[in-house]
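Student: I should like a close look at how helices pack against one another in this structure. Please take one pair in detail and then place that pair in the wider context of the model.

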Number of protein chains: 2
Amino acid sequence: MSPLSTDQISPDVVEAVRTVARNARVASRRLALLTRAEKDAALLAMADALHAATEQIVAANAEDVQRGRDSGVPDNLLDRLGLDAARVGAVAEALRQVAGLPDPVGEVVRGSTLANGLQIRQIRVPMGVVGMIYEARPNVTVDAAGLGLKSGNAVILRGGSAAGVTNAALVRVLREALQAQGLPADAVNLLSEGGRDAGRALMTARGLVDLVIPRGGADLIRTVVQESTVPVIETGIGNCHVYVDAAADPDMAVDIVLNSKTHRTSVCNAAEALLVHADIADQVLPVLMRRFTQAGVVVHGDEAMGRHAHAADTAYQPVTEQDDDTEFLSLDLSARVVPDLDAALAHVQVHTSGHTEAIVTGDRAAARRWVTEVDAAAVLVNASTRFTDGGEFGFGAEIGISTQKLHARGPMALPELTTTKWVVEGDGQVR
Amino acid sequence: MSPLSTDQISPDVVEAVRTVARNARVASRRLALLTRAEKDAALLAMADALHAATEQIVAANAEDVQRGRDSGVPDNLLDRLGLDAARVGAVAEALRQVAGLPDPVGEVVRGSTLANGLQIRQIRVPMGVVGMIYEARPNVTVDAAGLGLKSGNAVILRGGSAAGVTNAALVRVLREALQAQGLPADAVNLLSEGGRDAGRALMTARGLVDLVIPRGGADLIRTVVQESTVPVIETGIGNCHVYVDAAADPDMAVDIVLNSKTHRTSVCNAAEALLVHADIADQVLPVLMRRFTQAGVVVHGDEAMGRHAHAADTAYQPVTEQDDDTEFLSLDLSARVVPDLDAALAHVQVHTSGHTEAIVTGDRAAARRWVTEVDAAAVLVNASTRFTDGGEFGFGAEIGISTQKLHARGPMALPELTTTKWVVEGDGQVR
């Protein structure tokens, strides 16, 4: 989805979206009262229903893929969009895994008995209605529905139009499964009409929608953050750095840089920038550049990097200031040699997107300064940036990775889809 | 402060505010690294400095009060604005209390060792730069500075112009005390120039300011929520209900309603609406109305309430739909007799501001439905609405009461002024 324009939203679309939101709100009151057993039964029924409908889902998806191919969508994007029987099975299996996760709702976060005898406790409760605005991959549709239900929230989904037929088929199956379980179909809603206006109407439905989570490219996220009057959680822009300190183990440094950059380039926790301490550059860079050459990494480097790239026949171009702020999501990498840790910290301070920043070092003091002074959702010592992930952290699920400071920071799972309320019980206390 | 207009902000004011914010940001990096001992020493020094400057603060305040009196500000507002030596002492004492509170920064919220040996922990860290936009009372200036420092944040304060001279005097003393402690004066900043534009420039300084908290009337808060591009925490609008259930103890009901309504009328946790179950109305309302008459409560009631008000000579006018949504902040009270708990829940669902909602009942099932089904920051059983308060909850301090669901809900103290970061430590792990 490209950036939404700021001109007038069609009043028909606004009214249609607000009707969906009002119905979702009614459903959310019911969802908030469900027991874990009821929610888990519904999740398993949704998984079974998806499995049973594999054929029609794959057929619907084929329409989207064909339309994409006809309009010249590149193969790697078509691959992200495509669903075969195995992928439908994986999507259904993800719902079963959500059923196996603990229910965040009802958790007592803290509590005490006050001097006057009042008993107070802070309890996790659902947000209410959560909007998701996202791009191509249709598995997000099912993941969001499943995580929403488990956390007691109704969801309103605005997926990319490229997956429109697929998303409609998926949501139809999920809603039927909910209804068959005696639950409100309006727990899961898809905005399939209204184009971009639907997304804009969703993010301005303050009072009806409690939270909007954008997932997608930088343009989409910037637009939602700027235009939304509903509270937003910013996700997933990762200009992640790896800094190889003077005291790094050279082999470990090579492995971590390689893995951070090349394990999967299209994700937000992939490294986009490399900083190497001058004292260790000659020890690390010759090996690293050879590995870059084999992996097809394109180095956007300073002069020192250029010399090493040249020697190892690595694809190279001079680094620009813009490169320092670019989330390439490709095999491109900005790279600089720095004189010391202070210079690395200063560079990261200016260019971090607040996602994940890693140091490779054997020096305790350097590690301690890095984790204390770098301001990001995740600060790593001697580990690949690819570990900043709800699954890797053991959360069992992930709705996105927050790069903002309010409410949730880093991988977001079920607890991050809840709020709290204070329950205060007395026997007539007054002030 | 009345609502801010949406026309162009003066570029000079924008630049001046952004300069303050940039300097605050530099200071915030230093503050984030301070130990608790350093912060507590600074807080005590700030308290001592305020005490030592009592005379000049009282003199500055007299200017504000005189100006207010000259321009016809009512006595009750002048009283909120006024500072004598005793009040300056109380403001200083509040800083000493903040020094005594635990430091939220560095708290390990959760953590684990993953299967691959990675050690992860989620740690509380300061937000960075926190903006406060608020109205008359000058003690908020010192409270915000103290809570900001203790939580490792720089603060930018935009107080009401009615207290302009007082706030300037207070902040000058605080900044000098910080500097004398070797800490950056830019930890505490006051926007004293630029009028309303300064507030608007503050709330649109996204990237420089991490959080804006408005404290004041409904107009101010609505404006900030709508215009801010910096994340906002909504505070303090309380259209709080007390519902007297059929199974209430009548004496307890009278005490709780009276206390909730009349203990202090100008605060957000005062009751503004009364609902009484029809089955207990004849038992409770005659006594309650006599107490209302003595206390000077003005009942905006339905017909049934009108009969009881008439019998007890209570000030009465017919309730309007607008009354149901009004935070009177006075001795006015909207009041209705309802047929059952369902009707009470339905009424509250429509008219709650999400602050505090209380039931008086001896019935376990009714209490359980109330705390489960009412969607508010605090749900109370058999206690006065006046207990929703950071001090009463034992937090030792309060920066405001959040009525939103994101990040913080209910009384906000030191932990709510922090965010978290994930620290991940490995020994070369890659995926």
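Tutor: In this predicted model, helices H11(A) and H12(A) are oblique to each other, because their axes cross at roughly 50 degrees. H11 spans residues 278-295 of chain A and H12 spans residues 303-312 of chain A, and the two axes come within 9 Å. The crossing of H11(A) and H12(A) is right-handed. On the H11(A) side, the residues that meet H12(A) are Ala281(A), Leu285(A), Pro286(A), Met289(A), Arg290(A) and Thr293(A). Facing them from H12(A) are Ala304(A), His308(A), Ala309(A), Ala311(A) and Ala312(A). By class, the residues of this contact comprise eight nonpolar, two polar and one charged.

Two further pairs in chain A can be set beside this one, and both involve helix H2. Two packed helices are described by the angle between their axes and the distance between the axes. For H2 (residues 36-52) and H6 (residues 139-150) of chain A, the axes come within 9 Å and cross at roughly 160 degrees. H2(A) and H6(A) are therefore roughly antiparallel to each other, as the angle is over 145 degrees. Their crossing is right-handed. Lys39(A), Ala42(A), Leu43(A) and Leu50(A) of H2(A) meet Val142(A), Gly146(A), Leu149(A) and Lys150(A) of H6(A). The residues of that contact divide into five nonpolar, one polar and two charged.

The second partner of H2(A) is H5(A), residues 85-100. Here the axes come within 8 Å and cross at roughly 175 degrees, so H2(A) and H5(A) are roughly antiparallel to each other. From H2(A), the contact draws on Asp40(A), Leu43(A), Leu44(A), Met46(A), Ala47(A), Leu50(A) and His51(A). From H5(A), it draws on Val88(A), Gly89(A), Val91(A), Ala92(A), Leu95(A), Arg96(A), Val98(A) and Ala99(A). The contact of H2(A) with H5(A) has 11 nonpolar, two polar and two charged residues.

Leu50(A), which takes part in the contact with H6(A) and in the contact with H5(A), also belongs to the largest nonpolar core. That core has 280 residues, and those with the most contacts inside it are Leu50(A), Leu202(A), Leu50(B) and Leu202(B). In chain B, Leu50(B) is in contact with Ile57(B), Val88(B), Val91(B), Ala92(B), Val142(B) and Val173(B), its neighbours within four places in sequence being left aside. Apart from the largest core lies another, of five residues, among them Val65(B), Leu81(B), Ala136(B) and Ala163(B).

Chain B also offers Ala99(B), found in helix H5 (residues 85-100) of that chain. Ala99(B) counts as partly exposed because it has 19 C-beta neighbours inside 10 Å, and a buried residue requires 20 or more. Leaving aside its neighbours within four places in sequence, Ala99(B) is in contact with Asp40(B), Leu43(B) and Leu44(B). Ala99(B) and Ala47(B), 52 residues apart in sequence, lie 9.9 Å apart in space, C-alpha to C-alpha.

Finally, the contact between the chains takes 50 residues from chain A and 50 residues from chain B. On the side of chain A that touches chain B, the elements giving two or more residues are H10 (250-262), H15 (364-373), E13 (378-383) and E16 (418-429). Strand E16(A) gives the most, with 11 residues. This side of chain A has 24 nonpolar, 17 polar and nine charged residues.

Technical notes: Residues are numbered from 1 along each chain as its sequence is written. Chains are lettered from A and ligands numbered from 1 in the order in which they are written. This is a predicted model: local features need pLDDT of at least 70, side-chain atom pairs count only at pLDDT 80 or more; totals for chains, interfaces and linings use all residues. A nonpolar core is a set of buried Ala, Val, Leu, Ile, Met, Phe, Trp, Tyr and Cys residues joined through C-beta atoms within 7 Å. A residue is buried if 20 or more other C-beta atoms lie within 10 Å of its own, exposed if 12 or fewer, and partly exposed in between; C-beta atoms are placed from the backbone. Two residues are in contact if their C-beta atoms, placed from the backbone, lie within 7 Å. Axes are lines fitted to C-alpha atoms, for helices over the stretch in contact, and angles run from 0 to 180 degrees between N-to-C directions. Helices (H or I, at least four residues) and strands (E, at least two) are DSSP runs, numbered from the N terminus. Angles under 35 degrees count as roughly parallel, over 145 as roughly antiparallel, 65 to 115 as roughly perpendicular and the rest as oblique. A crossing is left-handed if the near helix is turned anticlockwise from the far one by less than a right angle, and right-handed if clockwise. Ala, Val, Leu, Ile, Met, Phe, Trp, Tyr, Cys and Pro count as nonpolar, Asp, Glu, Lys and Arg as charged, and the others, Gly among them, as polar.
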